[in-house]
Amino acid sequence: MALIRTSKPNVSGLARRGDSDALVAAAGYQDLVSARDDTMVDRGARVRKEAILALGRLGPECGTEAVYAALGDPADEVRMAAIRVLFERKDAAPLVAALAGPPPPGHDQSRARAITALRELRRPECAPALAAALVHAPGDAPVADDE
């Protein structure tokens with residue numbers, strides 16, 4: 001039976017204890033509140049970002065699926081954290097896969113950072129998939145010059 005968390009996770013405490021399961025749960029934390037325009041705003045992005053970075057510090061095998069899932073997070077800061085962890089782990093394939101899919105909303109810096117990370121990792125086995133992802137830009141947008 002899973003516990004339902006109703007309070008904000010203490011990511012730094014979880015990281016100190018090395019509680020990877022709780023950090024994985026924190027990587028999915030949401031704090032939804034109503035905005036004035038009747039939309040919902042998620043204030044949990046900072047917790048998710050810190051949880052992903054903490055999983056990265058715990059080791060190369062910790063929370064891998066949560067880190068992969070964070071590449072599709074609606075918050076750019078969470079996607080950037082996942083890219084950082086994957087870059088540090090030298091795990092290029094999920095970055096290529098994320099570029100090939102449709103862009104998440106508000107993909108401000110994460111797409112450019114993923115491309116930079118892949119360029120710096122220089123994984124030849126990823127080149128065909130990366131080229132396909134760049135040539136077929138998401139949303140039928142033209143491929144940018146830096147891409």
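Is aspartate 42 buried, partly exposed or exposed? Aspartate 42 is partly exposed, at a relative accessible area of 22%. The cut-offs are under 20% for buried, over 50% for exposed and in between for partly exposed, with a 1.4 Å probe and protein chains only.

The model is predicted: local features need pLDDT of at least 70, side-chain atom pairs need 80 or more, and totals for chains, interfaces and linings use all residues. Numbering starts from 1 along each chain as its sequence is written, and side-chain values use heavy atoms, without hydrogens or water.

**Exercise 1. Describe the fold of the protein chain.**

Step 1. Assign elements: helices are DSSP runs of H or I with at least four residues, strands are E runs of at least two, numbered from the N terminus. The protein chain has eight helices and two strands.

Step 2. Read them in order. The pattern is α-α-β-β-α-α-α-α-α-α.

Step 3. Check burial. Of 147 residues, 39% count as buried.

**Exercise 2. Trace the salt bridges around arginine 48.**

Step 1. Apply the rule: a side-chain nitrogen of Lys or Arg lies within 4 Å of a carboxyl oxygen of Asp or Glu. This gives five salt bridges.

Step 2. Take the partners of arginine 48. Aspartate 42 pairs with arginine 48 at 2.6 Å, N to O. Aspartate 73 pairs with arginine 48 at 2.8 Å, N to O. The latter pair links distant parts of the chain, 25 residues apart: arginine 48 sits in helix H3 (residues 45–58), aspartate 73 in the loop between helix H4 (64–70) and H5.

Step 3. Add burial. Arginine 48 is buried, at 3% relative accessible area. Arginine 48 and aspartate 73 are both buried.

**Exercise 3. Find a salt bridge inside helix H5.**

Step 1. Arginine 84 and glutamate 88 form a salt bridge at 3.3 Å, N to O.

Step 2. Both lie in H5, four residues apart, about one turn of the helix.

Step 3. Arginine 84 is partly exposed, with a relative accessible area of 46%.

Step 4. Return to the shared partners: salt bridges join Asp42, Arg48 and Asp73 into one network.

**Exercise 4. Classify the packing of H5 on H7.**

Step 1. Fit axes to C-alpha atoms over the stretch in contact, with angles from 0 to 180 degrees between N-to-C directions. The axes of H5 (residues 76–88) and H7 (residues 110–121) come within 9 Å and cross at roughly 5 degrees.

Step 2. Angles under 35 degrees count as roughly parallel, over 145 as roughly antiparallel, 65 to 115 as roughly perpendicular, the rest as oblique. H5 and H7 are therefore roughly parallel.
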